[in-house]
Structure formats: C-alpha cells, structure tokens
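Colleague: Please show me the model, and then let us go through its sheet and its aromatic residues by question and answer.

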Amino acid sequence: MDDFLDLDNPDIQGSDELEVKIKYEEEAIAEVRGDQSDAALLESLQINNVKLRGDWTDGRHQELMAECNDGVNIRISRNNASDTFQVGAQADGVRTLPELREVRPPNDLNGAQLLELFMTQHNFWRMYEQADCQQFAQAVLDRVRTHGEAAGDDDDDDGFM
C-alpha cells in the first residue's frame, strides 16, 4: 500500500493537523451568558453579519468577525498552529484589520450553526498547507453566504426553459 493511503501510519495521520481552539472571553460575554451553558449561549447568539478582515495581498492575514445580537462578536481565525473560534472577541483593538467584505446571512444563523460551519471547513482542510488563513476565511464566509440554501436548489431564473 502506498504511504499516502496508509491512514494508520503515525508519520502521516495528524502530523501537521491544526489544533482547534474554541475560546470564550468571559468578561466580554458575562451579561449575555448569565448561567447558560456554552451550547445554549451559542444558540442564543443571532448572527447579524460576518466581515472578512485583513489584506488582499498574498501571504497577509485574513480573518472573520461575526457581529451578533447583544453586542457579542465571534472571531474566526487560522494561523500555522491553530484554527480559532473566539466568542466575545473585541472588534477593535491594537491590531484592528481593515474590512474587505461583509456578508449578511440569507437565513437565520446562530452561533452554534456558525461553529458548525467553522468545524466543517476545518475538517475539510485540517492542515495549513491545504489552505492558508485567506483561503480558510473566504471558504467559511462562503459557507455563511450560502447557509440554509438547499443543495441543488435552483431558484435563480436564468431564462432557460
């Protein structure tokens, strides 16, 4: 069997797989959280919009900032060590990145569903070599943009019969 197909080979499996970090900035979300569990908190957060932030220059950082109801932000980021989903992130700060694009989800999208989209993309590209921060952020943003659309749904009238 070829080495690249041998998933039990410890030199191949997970050798460069990125860690997933799910962070809760408790000070920033204390009022909204109350006594809710992490899961209940995420379900309660409705996503108003998601902004792609960073630089279009090749090799420069890009990330997503989701603005939720109740003033809570969720930051999605990838670097060469980890994929991060940060609840309660500051939108502005020392390293505020310029906004490149904004997407408003076409259907109701909550924090739990956003986490699911993030994890789906992480599971698709587990290694930085497969997708850098720009590719990762743009792919998650595309998943947000198409959230709730039925597979194969062709509502667009392209004029053909």
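Modeller: Before we begin, buried means under 20% relative accessible area, exposed means over 50%, and partly exposed lies in between, with a 1.4 Å probe and protein chains only. Strands (E, at least two residues) and helices (H or I, at least four) are DSSP runs numbered from the N terminus. This is a predicted model, in which local features need pLDDT of at least 70 and side-chain atom pairs count only at pLDDT 80 or more, while totals for chains, interfaces and linings use all residues. Residues are numbered from 1 along each chain as its sequence is written, and side-chain values use heavy atoms, with hydrogens and water left out.

Colleague: In what order do the strands form the open sheet?

Modeller: Two strands count as paired if DSSP finds at least two bridges between them. The pairing in this open sheet of six strands is mixed. Its strands follow the order β1-β5-β4-β3-β2-β6.

Colleague: Which strands stand at the edges?

Modeller: An edge strand here has a single partner strand, so one side of it is left without a neighbour in the sheet. Those at the edges are β1 (19–24) and β6 (99–103).

Colleague: By how many degrees are neighbouring strands of this sheet turned against each other on average?

Modeller: Axes are lines fitted to C-alpha atoms, for helices over the stretch in contact, and angles run from 0 to 180 degrees between N-to-C directions. For neighbouring strands of this sheet, direction is ignored. The average turn is 15 degrees.

Colleague: How many of the residues of β4 are buried?

Modeller: Both faces of β4 are covered. On one side Asn 73, Arg 75 and Ser 77 are buried, and on the other Ile 74, Ile 76 and Arg 78 are buried. Strand β4 is largely enclosed by the rest of the structure, because the buried residues number six of the six.

Colleague: Over how many bridges do β4 and β5 pair?

Modeller: A hairpin joins β4 to β5 through three residues. Ser 77 stands opposite Thr 84 in β5, and Arg 75 is opposite Gln 86. Strands β4 (residues 73–78) and β5 (residues 82–87) pair in the antiparallel sense, and the bridges number five.

Colleague: Which residue in the turn between β3 and β4 has a positive phi?

Modeller: Strands β3 and β4 run antiparallel, joined by four bridges, and Ala 66 stands opposite Ile 74 in β4. They form a hairpin with four residues between them. The residue with the positive phi of about 65 degrees is not a glycine, and at 58% relative accessibility it counts as exposed. It is Asp 70.

Colleague: With which side chain does Glu 63 make a polar contact of 3.0 Å?

Modeller: A polar contact is a pair of N or O atoms within 3.5 Å; within protein, one must be able to donate a hydrogen and the other to accept it, and residues adjacent in sequence count only if both atoms are side-chain atoms. Glu 63 lies in strand β3 and is buried at 2% relative accessible area. One polar contact of its side chain, at 3.4 Å, is with the side chain of His 61. The contact of 3.0 Å is with the side chain of Arg 75.

Colleague: How far apart in space are Gly 54 and Glu 99?

Modeller: Gly 54 lies in strand β2 (residues 47–54) and counts as buried at 5% relative accessibility. Beyond its neighbours within four places in sequence, Gly 54 is in contact (heavy atoms within 4.5 Å) with residues including Leu 97, Pro 98 and Leu 100. Gly 54 and Glu 99 are 45 residues apart in sequence, yet their C-alpha to C-alpha distance is 6.5 Å.

Colleague: Which residues form one aromatic cluster?

Modeller: Rings of Phe, Tyr and Trp (its six-membered ring) pair if their centres lie within 6.5 Å; planes under 30 degrees apart count as stacked, over 60 as edge-to-face and the rest as tilted. The count by this rule is three aromatic pairs, and one of them is the tilted pair of Phe 85 and Phe 118, with 5.4 Å centre to centre and 50 degrees between the planes. Phe 85 lies in strand β5 and Phe 118 in helix α3 (residues 111–124), so this pair ties together parts that are 33 residues apart in sequence. The cluster is formed by Phe 85, Phe 118 and Phe 136.
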